There are 2 protein chains.
Amino acid sequence: MESKQNQFPKVIIIGGGFGGIQLAKKLKNKEADVLMLDRHNYHTFQPLLYQVATGGLEPDSIAFPLRKVFKHQKNFNFRVADVQQIIPTENKVITDIGEYSYDYLVLATGSETNFFGQKEIEHFSMPMKTVPEALNLRSLILQNFEEALMEKDAVRKEALMTFIVVGGGPTGVETAGALAELKNHVLVNDYPELDIKNMKIYLIESDERVLSPFSIEASTKAKDFLENMGVNVLVKTRVNHYDGDKITYNNDTETIFTKAVIWSAGVKGALIPGLENAELARGGRLKTTNYNLVNGYNNIFAIGDLAYMETEDFPNGHPGVAQVAIQQGQQLALNFLRILNNEKPHPFDYFDKGSMATIGRNKAVVDLKYWKFQGFFAWLTWMFIHLLFLVGFRNKLVTLMNWIVNYFSYDRGTRVIIRKFNRQSMMEEAQAK
Amino acid sequence: MESKQNQFPKVIIIGGGFGGIQLAKKLKNKEADVLMLDRHNYHTFQPLLYQVATGGLEPDSIAFPLRKVFKHQKNFNFRVADVQQIIPTENKVITDIGEYSYDYLVLATGSETNFFGQKEIEHFSMPMKTVPEALNLRSLILQNFEEALMEKDAVRKEALMTFIVVGGGPTGVETAGALAELKNHVLVNDYPELDIKNMKIYLIESDERVLSPFSIEASTKAKDFLENMGVNVLVKTRVNHYDGDKITYNNDTETIFTKAVIWSAGVKGALIPGLENAELARGGRLKTTNYNLVNGYNNIFAIGDLAYMETEDFPNGHPGVAQVAIQQGQQLALNFLRILNNEKPHPFDYFDKGSMATIGRNKAVVDLKYWKFQGFFAWLTWMFIHLLFLVGFRNKLVTLMNWIVNYFSYDRGTRVIIRKFNRQSMMEEAQAK
């Protein structure tokens, strides 16, 4: 709780995601000197990454310049920096552009793709947690089709046209659905030389149902929607290996040849080295008190996906969704002000606004506390909510325009390979490791 | 004039630019079997690349999937292919994905950046002829500012904030103007820690005026506009060297320290090896007859920027602009049909619709045959014409939305560094050569 004379306490926020942005915004004009560090100069609206990957939206419409968010916020500074190490004993962080000291440190780094230690899968499959990763996937989908045109071997041709999404959470379900629409409305016209029936889409989930944190009603309907759109949904199925050519599952008893595996099977906390006193929960999340203070420290906080907080309503921690990050960011800002006034911080109390996922045009599922609904109205709700939370007026407008055009034309206009995905170098890197 | 029995003659078009697209479209439902080859799977609307580079438009809104242009055109095929060699004696082309035979070959490869043999400048400066190049420039501009924040040395700090555009043609003028707007309306807010007055923009032109092919009126007004916006316009100035740190000009007597040189000083024909009988004109263009047949061949044609055709009105060839390519593409399609019917092809007669360039908001210059005007109405005309020729309804809509938002907010919303430009590897590559 140290603070320099005649200076506001220095708060470093690592990460410009949902939580970091809310926290910094709420500290506007308050007695704190805020520095935000992020690897990118933009905020990523992760819930729509899958639409970038499937040619429905341009990357720039779900990315928002962080400096613009905090235009005219005088107590705010920003640096594009990769934080490599935290040194809690000296209250400083080490980054690729230098060292920064803090009085309070807030870790809002979110989560990263979890391959559960399966190095082989990590090398060969496509994650989708960042804009460049979504763009790589977009390129790969189109490149595979271009390659399939040239391929004479029937097995390899089908492998190029087979897309496997692993993980039946919202991202996996939404991606599989978007791939099915790409197949049925776009690729069928773009590649008349190929038999589109050979394009296969699989969604593989280890749990007994897709969207397992949702209601049974939503899960069932989502599976129906997907199957009607032509997606092969495999539940209670665990992937064993993927070597870049074939994926095996069910204890290696079954095999599918594929040149595209999209991995959305799990996330883990995006940890930064140096927090030796911290306690880790499942999924690499940092255990915190009920006001987001990291256990073992008195001036380091964690919010959002990275934080693991046990409460009465959430004895196993909160879900890794935007709403938790947003509410924790807002709450922590208020608690900072209380702490600075030597008041007692308030415990976090998550207000669950519900869950939703979209599968395709007119097809979505929404679980609210007292109301569950699916179909067209759910789909409208999903769009409305996503537009509402998308950062920036320009982004909202461009996204809405794209959705309107896509809806009426059945098209996906951004199917351009701006930078080729280099499969060769992926293969070489995998071999080198 | 060979053609296989019971088959239409095979026409290979290399390049999906303005000319290639028009030609292929006009051959729809005609007795020709068209194959288009392009390195990219999309058409690039080059006149707006500078707005991508300066954060005003997303790359996807000026790129259009080529397969979509020719949806439902049955006599059309497309391949993403890099043509490496033409073998005229065997009527075939060799590409990175295999060989293709033709009865008629049309070269519509356009032009590429001309560094006039100055290897050093080629290594260190930023060209802007493709979407990835424009995105590299966008990243570099923003990265330089992020770096300037961290730089303690005053000279190096100013070098990071100094942008030099070489070449005062439409692209150079438009880029310099867009940089000035970025400075005055965006960067000034994004980087309050930097003194924006230290950001310097130069436009260097070797001729005695910018926009030298335009009217004196347009040139003068463009220079006025630029200078009022804070651009230093140097005419009759020839760049001698650029080593990545400083640029020298006027016989090495003058020096500016800069970490960003944008090279728009010239183009040359994008030639493919193998045409040994061809005659080259200035700027690496292929000499053609007045119906675009390449001199020295009887079944190889060239259109657009690559073609050099001397006519009464254009004794030194046609300007390298979209309109020439469009009209030559259309005309060649008609001439193909004449040739296939053993009729005489018609000579090309360019209808010059005029020239225009935009400098900034409400500031453009337009030269029509009988009417020259500048300012607000010229700017509206420029926008209208560019929207008209931009390929695709979605692209037109998204571009218009961006322009409206940019106009009223004075903002440039796509200032995101999605893929960092790697200056280090540019430097290393330069040293290796």
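Which residues does the domain assignment of chain A give to domain 1, and which to domain 2? I would like to start there, keeping in mind throughout that what we have in front of us is a predicted model. The assignment places residues 10-39, 81-113 and 268-340 of chain A in domain 1, while domain 2 of chain A takes 119-261 together with 361-432. Between the C-alpha centres of these two domains of chain A there is a separation of 32 Å.

A second description comes from the UniProt record, an unreviewed entry, in which the annotation "domain: FAD/NAD(P)-binding" covers residues 10-329 of chain A. That span is 29% helix and 27% strand, and its end C-alpha atoms lie 17 Å apart.

Let me now turn to individual elements of chain A, beginning with helix H1, residues 18-26, where seven of the nine residues are buried, so that the helix is largely enclosed by the rest of the structure. The buried residues of H1(A) are Phe18(A), Gly19(A), Gly20(A), Ile21(A), Gln22(A), Leu23(A) and Ala24(A).

Next comes an open sheet of three strands in chain A, ordered S14-S15-S16 with antiparallel pairing. Strands S14 (239-242) and S16 (254-257) of chain A stand at the edges with a single partner strand each, and therefore one side of each is left without a neighbour in the sheet. From one strand to the next, the twist averages 20 degrees. S14(A) is joined to S15(A), residues 246-249, by three bridges, and within this antiparallel pair His241(A) stands opposite Thr248(A).

How, then, are the two chains related? A turn of 180 degrees, with a shift of 0.0 Å along the axis, lays chain B on chain A with an RMSD of 0.0 Å, and that is the relation of a two-fold axis. Among the residues of chain B, the one that comes closest to the rotation axis is Val398(B), whose C-alpha is at 3.0 Å. As for the interface, 100% of the interface residues of chain B are also interface residues in chain A, so the copies meet through the same surface.

I will finish with one residue, Asp190(B), which lies in helix H7 of chain B, residues 170-190. Asp190(B) has a relative accessible area of 4%, and is therefore buried. Leaving aside neighbours within four places in sequence, Asp190(B) is in contact with Arg67(A) and Lys68(A) from chain A, and with Arg415(B). Finally, the C-alpha atoms of Asp190(B) and Phe145(B) are separated by 9.6 Å, although these residues are 45 residues apart along the chain.

Note on methods:
Residues numbered from 1 in each chain as written. Chains lettered and ligands numbered in written order. Predicted model: local features only at pLDDT ≥ 70, side-chain atom pairs only at ≥ 80, totals over all residues. Heavy atoms only, no water. Least-squares fit on C-alpha atoms with pLDDT ≥ 70 in both. Contact = heavy atoms within 4.5 Å. UniProt positions renumbered as here; feature names shortened; annotations may be inferred. Helix = DSSP H or I, 4+ residues; strand = E, 2+ residues; numbered from the N terminus. Pairing = 2+ DSSP bridges. Axes fitted to C-alpha atoms, helices over the stretch in contact; angles between N-to-C directions. Buried < 20%, exposed > 50% of the residue type's maximum accessible area, 1.4 Å probe, protein only. Domains from an automatic or database assignment.
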